[in-house]
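Student: Could we walk through this model together, starting from the whole chain and then going to one helix?

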Amino acid sequence: MILHVAATIKFSERLDKAIRLNVLGTLNLLQFGKQCQRLECFCHVSTAYANCNQRGVVKEKIFHSYLPNGMSLEEFCAHVLQLGPPDIKKLSDWIIPR
């Protein structure tokens, strides 16, 4: 059994660092799990802070993502990891306006 509950929930975390910890960390653990011959359960517990771009009370429904240039989530993560710190800050400000 793999129980994955690790993440950063620091809202001021740099976007690239949050992607490395929350997205790539989970994907790496999934890859590890696929190699476990007797794995019976993989449980991932996410944070309650999904849909952080929504204001007020966040209802239990699927919110559509609007990423730049119609990118998929995978493309967006790869793009962010190639950016430098100034561009990451601009993108973070666009995603979560303060």
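Tutor: Happy to; here come a few questions on the fold, one helix and one residue. This is a predicted model, where local features need pLDDT of at least 70, side-chain atom pairs count only at pLDDT 80 or more, and totals for chains, interfaces and linings use all residues. Residues are numbered from 1 along each chain as its sequence is written, and side-chain values use heavy atoms, with hydrogens and water left out.

Student: Which pattern does the chain follow along the sequence?

Tutor: Helices (H or I, at least four residues) and strands (E, at least two) are DSSP runs, numbered from the N terminus. The chain has 3 helices and 2 strands. Read in sequence order, they give β-α-β-α-α.

Student: Which residues of helix H3 are buried?

Tutor: Buried means under 20% relative accessible area and exposed over 50%, with partly exposed in between (1.4 Å probe, protein chains only). On the face of H3 turned away from its buried side sit the exposed Pro86, Lys89 and Lys90. The buried residues of H3, which spans residues 85-95, are Ile88, Leu91 and Ser92.

Student: Why do they line one face of the helix?

Tutor: An α-helix has 3.6 residues a turn, so residues three or four places apart point the same way. The arc is taken from the directions from the helix axis to the C-beta atoms. Seen down the axis of H3, the buried residues line one face because they fall within an arc of 105°.

Student: Is Thr26 buried or exposed?

Tutor: Thr26 lies in helix H1. Its relative accessibility is 11%, so Thr26 counts as buried.
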